[in-house]
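The following account leads a new reader through one protein chain. Please keep the sequence and the model in view while reading.

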Amino acid sequence: MAKTTNIQVNCLDMELDKTGLNSKFDVYKIVLTQQEYFSDFYRQLQASPALSMVYKNKLNYYVLFSKRASVKLQTCDQFTVTMVPFSDLNPNQVVQLLLNQLTNLTLAPERNLTPELYVTLPKWQRNRRLGGQIRYALKVKLTWHNELVLSVTSFRTPSEHEKLPTERYQYCEKRGLMVRQFDSKEPYWIRGNKTKINNTVDFLNTDQLERFERSKVGIVTQLQHELKRNFGKCFKKETVTFANYPVLKVARPKPSLKSEHGASIWRYFKDQTINVISEPTEPKTGELATQIALALTKSPLLQELKLVIQQREHLVDGLNLSVIREARPEKVGKANVIETYQRGTETQIIQHLTIENVGHYSLDSDLTSWQPKQGEVTIDPAMVNIFQNLAVKADIRAGQLRLVDNELIETTSRYQYYWFNSLKTGRQDPCRIAVVKATVTATGQLAFSDQVVTLSDTGEFKRDELTELCYLIWDNLNHHKWLWALVDGVICSQDSYLLIMQTQLQLMPKSEELMERHQRADGSRVLVRSVVLSDLALVATSPVGKISADDYQAAIAAFRDVIEQIPDPTFTVDEVRQRLKKHANRFFSNRAVQQVCRNFEQVTDYTFNNSARQTQPYSLFPGFRDIGLIQIKQDHQWVYHYYVGTNAPLPQTVSRAIRLRALIPLPSQTSKDAPDEVVNRVFPDLINLMGVEFVRNGQWTVKPFMMKYAREYWRLKTYDPQKKDSK
């Protein structure tokens, strides 16, 4: 596999043309004297010819008007109105003012006084179980660092007795948007889900054009195109693209445990007894426990490994799978479920599973519907994940790292690992951080220590390692409480600390070319036989790459035979595609056929096979299948970031984006290494520390796997079902 040399991220690479902006628009700054005057301001704004608006903060707004328009907004007791130059705005605010007028459809810009862009599709609506409807939308927002962030926002129709909010939205079917309205008497929506069902939009779909256009990448690609088409003159070079960065280091981890459909995790439990426990007061847990115990007992692999499966009604010493009801209030709503989660002891190792999650229990039907994948429990993803978590807990209780091989244990022993959890406090209360330090020796012995640190703005604190480390991070976060949620951990090497932080950056495919390939392979495209045969003659003389000439011409002959046998003189791309599939088994898997289809793309504006996921002549998904290190300039300094792709072939549907994490060397009085030296020394090992598959079940993990151990140690020590902090 060719190594990635450049990646593309969701950061817009563009430069505003102030001359172009000033020739088309004027921008005004609105400053409210009090926040409660927003409703009055917004009503006046709706009566004006304003095109769009964005927030600066709760009292400050920027409003865009056409050049020399009659503003109809005047300074009053409630707010001030001031015309300002575009240089007063951050570039992301200017672009958001333009974006908010668009849609992912090929329509002319229209005014939209919603501060963010909410794109929604006709099918993104469903009925609520207790009445009313849910509609969800894709919020498109540009951050201060020009990161284009896509997140799903849910809207619901209000219930009969619900207090009427001032913030209301209407569904604009023509433009496919949710737009904000005040005092609307027409049917309206309010923000919020208030159901247990999460609404999701796939990050990417490479199957066909229609599904691609419904994905996040498809929607943002069309928006990007519309931004250039309608507002190109507002940008220098008249273009807006995603930023590209050179990859400094790239690799794939060494496999530490070879996985054969999850077989490695089952070998961990060779010759051991697994107790499957149910709750006597909850009959449904007994039904699921019986199903699981029976499936484990019948498994040929587990019989070969001599696993003993015993079903019980109470916990015992040893390894326990405890089948319980989900009792967390945020998950069960008003259902009256008694909490039966138990932390376990030094001798009782417990992995819980719920009938709601694993058993797909439905409250409406009062039925569970669990079946192992392909009829074999050892390749069922949910069960593999359950036993992986059980193995991690067994390692922690035994104080011995046994889930990875000796080579990775030796690598792991070179570092210390620190995991953090921000404990819930009042808004005015000091920040409290739980920190766990995890170490492992070259022989695999695990050791943990923990502490709760209360952070004081005075800087007066006890001088111990964990407290000093928390203050180092606290200073890096500029004393913002909420940023602790983005801290993934710290890894220490030779007295040098590396902070790992989540970011809003994510890998992006070559989206414009991806859209073009989908359009060329659009199955609804109507073709004329005579034209296709003429094009095929040109394709027959095209370069064949590494394919033999005989194989290539044989593929050409197969195309010609199929096309000539179609009775009608006109047909669609999909009709040809289906006939070609019947012509030979796995027809489009043939490399010569793939080359013919690629040459169709070069010679014509259509083809019969979607080449979006093919790596030839190059991949449209740089970085999606490896682990790499880059540098990105933010706030006038270069910051190291890394990404973790997938270790499997790219699927047709990619549910989630691949996010980048920042690697930030922390200042330390004892470290003699320059920041660059620390990152370059640690990153090759970091790749292998993330190359395990037991944290994310068959995928590489996105941070050193010892963070999983530290987190589980904290849960085992402190779990209290009544306290969210302990989770």
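In which helix does T221 lie? T221 lies in helix 5, where helices are DSSP runs of H or I with at least four residues and strands are DSSP runs of E with at least two, numbered from the N terminus. The model is a predicted one, in which local features need pLDDT of at least 70 and side-chain atom pairs count only at pLDDT 80 or more, while totals for chains, interfaces and linings use all residues. Residues are numbered from 1 along each chain as its sequence is written, and side-chain values use heavy atoms, with hydrogens and water left out.

T221 is buried because its relative accessible area is 4%; buried means under 20% relative accessible area, exposed means over 50%, and partly exposed lies in between, with a 1.4 Å probe and protein chains only. Not counting residues up to four places away in sequence, T221 touches F212, S511, E512 and M515, a contact being heavy atoms within 4.5 Å. Two of these partners, S511 and M515, are among the buried residues of helix 13 (residues 511-520). The others buried in that helix are L514, R517, H518 and R520. Together, the buried residues of helix 13 pack against strand 1 (6-13), strand 13 (204-205), helix 4 (209-213), helix 5 (216-231), strand 14 (241-246) and helix 17 (591-603).

The view may now widen to the whole chain. The chain has 19 helices and 30 strands. Its C-alpha trace spans about 80 × 75 × 65 Å along the principal axes. For 727 residues, a compact globule would have a radius of gyration near 27 Å, and the chain's 29 Å agrees with this; the radius is taken over C-alpha atoms, and the globule rule is 2.2 Å times the number of residues to the power 0.38. Buried residues account for 51% of the 727. Of the contacts between residues at least 6 apart in sequence, 69% join residues at least 24 apart. The exposed surface is about 35200 Å², with 47% of it supplied by carbon and sulfur atoms; areas come from the Shrake-Rupley method with a 1.4 Å probe, and for residues only the protein chains shown count as cover.

How is the nonpolar interior arranged? In soluble globular proteins, nonpolar side chains tend to be buried together. The largest nonpolar core here has 79 residues, and those with the most contacts inside it are F269, L296, F387, L663, F705 and Y709. Such a core is a set of buried Ala, Val, Leu, Ile, Met, Phe, Trp, Tyr and Cys residues joined through side-chain atoms within 4.5 Å. Helix 10 (residues 381-398) supplies the largest share of this core, nine residues. Beyond four places in sequence, F387 touches I265, W266, F269, I274, L296 and L321. A second, separate core of 69 residues includes V9, L64, V140 and F203.

Y62 belongs to strand 4 (residues 60-66) and is buried, its relative accessible area being 2%. Its contacts outside the four neighbouring places include V27, S52, M53, V54, V84 and L97. N100, in the loop between helix 3 (91-99) and strand 6 (117-119), also touches S52, M53 and V54, along with N112, T114, P115, E116 and L117. N100 counts as buried because its relative accessibility is 0%. A polar contact of 2.8 Å joins its side chain to that of Q96; a polar contact is a pair of N or O atoms within 3.5 Å, where within protein one must be able to donate a hydrogen and the other to accept it, and residues adjacent in sequence count only if both atoms are side-chain atoms. A polar atom of the N100 side chain also lies 3.0 Å from the backbone oxygen of P115.

Two loop residues have a backbone feature to note. Most residues other than glycine have a negative phi. K72, in the loop between strand 4 and strand 5 (79-84), has a positive phi of about 65° and is exposed, with a relative accessible area of 60%. N478, in the loop between helix 12 (465-476) and strand 23 (487-493), has a phi near 55° and is exposed at 56%.

Finally, confidence must be considered. The chain averages a pLDDT of 89, and 94% of the residues score at least 70; pLDDT is the predictor's confidence in each residue, from 0 to 100. It stays under 50 over residues 257-261, for which the model has eight contacts beyond four places in sequence. It also stays under 50 over residues 720-727, which have 17 such contacts. Where pLDDT is low, the predicted coordinates should not be read in detail.
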